[in-house]
Every structure is written in C-alpha cells, then in structure tokens.
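Trainee: Could you walk me through this protein chain? I'd like to practise reading a structure step by step.

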Amino acid sequence: IFLPFKLLKNNDTSYNKTISFMIEAIEQIEKSPNFSYEFIFKAYDCFIDRFHPSYPQITDKNKKLCDDEWNNILTSHSVLMEAFKKLISIIPVKACQYLYIRLTEKNGNNKVYQRVTTDISGGSSSESIKRKSMVDAIEQKYGIDDKRYSNTIRKASLLYRYILKNDSVLIGVENYTISIKDRLHFLVSGLLYTLRNDIMHGSSMSITKSSKTTLGNYAVNYFGFLIIYYLLLILVIIEFSSDYPTDIYEKLADNIEININLYKQLFKKEIEK
C-alpha cells in the first residue's frame, strides 16, 4: 500500500483523524475487507470537509469532486489517467450487479438513482441528463428478473462494466460518449457511496454482510477500497502539494499498476463472475 504523506501534522485535527482511519483501514484489509472499506470511507469523510465548504452535503461534495478536482487531475496527467482507467477496468461483475440492482430498486425514493442521475442539489446538466438517459435505457432494455438472471441482471451488469471500461456505448439506437466524469459519478455516487451506506447501516444485501462473506464479496470490497483510497490520495496531494515532488502523480500511477497486478493475482476468476 502506498502512503505518500507525513503521518501527522501539528494542529491539523481533520488530517490526523484521516490518517488514523487510513491506518486502521490498512490493518483490517487482510482479514475484514468490509470493515477496511468502512474505515477508508471514514478517512475520506473526514478529509473532504476541506473541499467545497459551500456544499455541506457529502452527496454534493462527491459530485463537485468528480466534476472538478479528480477530473482536472486525471485529465492533466495522462500517465495517471491511464493507470486509473486500468484500475476501473478490473471492477468485478458482482460490483456492477450490485450497482444495477441498487439503481433499479423501486422503493419510492431511490436515493442511489437520484445521486447518479442528477447534478448538484438535485439539479440537472447535460451530463447528468445523459447519465439518466443511460440508466433508464438499460433498465428498460433488460429489467430485473431473478428467474431469468442471465438474460436480465447479468447482461445489464456486464453493460455497466462495459460503460466503465470504454469511451462510448450503444444502448438501443442511442450512442453515448463516456467521459472520465461519467465513470467517476457512476463509481463514487453510485457504487462507492452506496456500499458505504449499506455497510454502515447494516444492509440486508449479502454483499455487505460479513456473515455472508465469499471470495466474490471480498473482491468487491477490495476494489472499492482501492478506488476510494487513490481518490483520497489525490485530494491529499492537492491539499499539500508542496510536500510532494513534481513527479508524484507518475509515482502514484506506478503504484496503481502494482496494486492492479496484485488484485488480479488475488481474485483471478472472481472478477468475471
């Protein structure tokens, strides 16, 4: 695990809390990936208070970070962008299945759907309208039927995986361009924040319950850990840029490549299930 920061900073409570949670997350990752994921998200929760203070809600901060900080860093550092795209590309099918099921739940107030398909404070933009069109088109095309899993849920899950791995997608007769912003919104507002809520609030979905742990569930939690971990590191580097060498993002890209290879060795076929 790559930790390019000083462990403590005097009189910086939020940073020191962030580091404490990150250390706890790393200590838990081998034996309890779901708890590790919870701790890394607590670290993230602590640190993002430094960003966009005019948006107190974490859901709005997530969207601003996707549109601004993360998008800007990735698009301006091509080596890091390529490494991050490779990291996204190893997302397990099971994670995409989880995302699809949570996006299509009919509970009268599907917050996951709202987070992914709207802009700041529930508004709209050309990009959020595009995401809404994609999400609606996928559900209309495949639906959800446990009895026909392979032709409904699995095909939709594979399509979401394709979207996260590619620059364009044809859904029905509509061709959509996929930007890094789109991928970040699907991952952060859709998958990662939802997984965080389900784990912390005791969701009944087996993917979030330690008593239902399988190697496939571990693969999802490890993947989620890696994505939010690197997104958090980017924010740390932005905030304390003077602490790091000019090639810090190239070094971060190298470390991402190392962890991609380790992840593949650990989970192998679980990524495709």
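Mentor: Sure! Before we count anything: helices (H or I, at least four residues) and strands (E, at least two) are DSSP runs, numbered from the N terminus. Also keep in mind that this is a predicted model.

Trainee: Okay, how many helices and strands does the protein chain have, and in what pattern do they follow each other?

Mentor: Counting the runs gives 11 helices and two strands. Read along the sequence, the two β symbols sit together, with α symbols on either side. The full pattern is α-α-α-α-α-α-α-α-β-β-α-α-α.

Trainee: What is the radius of gyration of the chain, and what does the globule rule give for 273 residues?

Mentor: The rule gives 19 Å for 273 residues, and the chain comes close to that, so it is as compact as a globular protein of that length. For a feel of the dimensions, the C-alpha atoms fill a box of roughly 55 × 40 × 35 Å along the principal axes. The radius of gyration itself is 18 Å.

Trainee: What share of the residues is buried?

Mentor: Here you need a cut-off: buried means under 20% relative accessible area. Apply that to the 273 residues of the chain, and the buried share is 55%.

Trainee: And of the contacts between residues at least 6 apart in sequence, what share joins residues at least 24 apart?

Mentor: A contact means heavy atoms within 4.5 Å. Take the contacts between residues at least 6 apart, then pick out those joining residues at least 24 apart, and you get 68%.

Trainee: Now the outside. How much of the exposed area do carbon and sulfur atoms supply?

Mentor: Start with the total: the chain exposes about 12300 Å². Of that area, carbon and sulfur atoms supply 49%.

Trainee: Let's zoom in on the strands. Which side chains of E1 point to the buried face?

Mentor: Strand E1 covers residues 168-171, and its side chains alternate between two faces. Ser-168 and Leu-170 point to one face and are not buried. The buried ones, on the other face, are Val-169 and Ile-171.

Trainee: How do E1 and E2 pair, and which residue of E2 stands opposite Val-169?

Mentor: E2 is residues 174-177, and the two strands pair in the antiparallel sense over four bridges. Together they form a hairpin with two residues between them, and Gly-172 in the turn has a positive phi of about 65°. Ser-168 stands opposite Thr-177, while the residue opposite Val-169 is Tyr-176.

Trainee: Which residues other than glycine have a positive phi, and which of them is buried?

Mentor: Take Lys-268, in the segment after helix H11, where phi is near 40°. At 59% relative accessibility, Lys-268 counts as exposed. His-52, in the loop between helices H2 and H3, has a positive phi of about 45°. With a relative accessible area of 16%, the buried one is His-52.

Trainee: How far apart in space are Val-112 and Thr-194?

Mentor: Val-112 is in helix H6 and is buried, with a relative accessible area of 4%. Leaving out residues up to four places away in sequence, Val-112 touches Arg-102, Leu-103, Gly-190 and Thr-194. Val-112 and Thr-194 are 82 residues apart in sequence, but C-alpha to C-alpha they are 6.7 Å apart.

Trainee: What about Ala-156 and Tyr-244: how far apart are they in space?

Mentor: Ala-156 lies in helix H8 and is buried at 0% relative accessible area. Beyond residues up to four places away, Ala-156 touches Tyr-100, Ile-138 and Tyr-142. Tyr-244 is 88 residues from Ala-156 in sequence, and the C-alpha distance is 42 Å.

Trainee: Last one: is Phe-21 buried, partly exposed or exposed?

Mentor: Phe-21 is found in helix H1. Not counting neighbours within four places in sequence, Phe-21 is in contact with Phe-39, Lys-42, Ala-43 and Cys-46. Despite those contacts, its relative accessibility is 22%. Buried stops under 20% and exposed starts over 50%, so Phe-21 counts as partly exposed.

Terms used: Residues numbered from 1 in each chain as written. Predicted model: local features only at pLDDT ≥ 70, side-chain atom pairs only at ≥ 80, totals over all residues. Heavy atoms only, no water. Rg over C-alpha atoms; globule rule 2.2 N^0.38 Å. Buried < 20%, exposed > 50% of the residue type's maximum accessible area, 1.4 Å probe, protein only. Areas by Shrake-Rupley, 256 points an atom, 1.4 Å probe, with all protein chains shown as cover. Pairing = 2+ DSSP bridges.
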